[in-house]
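Here is a friendly walk through the model shown below. Keep the sequence at hand as you read.

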Amino acid sequence: MTTLHRLHVFVSVAEHGSVTKASRELHVTQPAVSQGLRLLEQNLGYTLIKRSRRGIELTDDGVALRAKAKSILSLVNALKRKNVSVHPEPSYEVLTLGAS
């Protein structure tokens, strides 16, 4: 799982306040979401979420990262859209050859 994917997972959990809802949105298992969060926290070196009876609560670091992660993901998506418009998929046409 790439760091960008982990950021996407984190943002989804932060927005939904639930690992279960995030896993449904992302079409992955709950353990995969939990592992992605854990690995992101390990990579960054700080705790992003607190689990409670009411679901997921962001730590102060989590709140700060959510805003930055949303900006990063938005920029990445914009770059992907620009790349597609600059480098469109090649179109293929059928060429029929005849020989005698």
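Lysine 50 has glutamate 57, in strand S2, as its bridge partner. Strands S1 (49-52) and S2 (55-58) run antiparallel and are joined by 4 bridges; strands pair if DSSP finds at least two bridges between them. A hairpin of 2 residues links S1 to S2. Helices (H or I, at least four residues) and strands (E, at least two) are DSSP runs, numbered from the N terminus.

This is a predicted model, in which local features need pLDDT of at least 70, side-chain atom pairs count only at pLDDT 80 or more, and totals for chains, interfaces and linings use all residues. Residues are numbered from 1 along each chain as its sequence is written, and side-chain values use heavy atoms, with hydrogens and water left out.

Now to helix H2 (residues 19-26), where Val19, Ala22, Ser23 and Leu26 are buried, meaning under 20% relative accessible area with a 1.4 Å probe, protein chains only. These residues lie on the same side of H2 because they cover an arc of only 100° around the axis, taken from the directions from the helix axis to the C-beta atoms. Their cover includes the elements below, where contact means heavy atoms within 4.5 Å.

| Element covering H2 | Residues |
|---|---|
| Helix H1 | 3-16 |
| Helix H3 | 30-44 |
| Strand S1 | 49-52 |
| Strand S2 | 55-58 |

Just after H2, histidine 27 takes a positive phi of about 60°.

Isoleucine 49 touches Phe10, Leu37 and Ile56, among others, not counting residues up to four places away in sequence.

Conventions. Buried means under 20% relative accessible area, exposed over 50%, partly exposed in between (1.4 Å probe, protein chains only).
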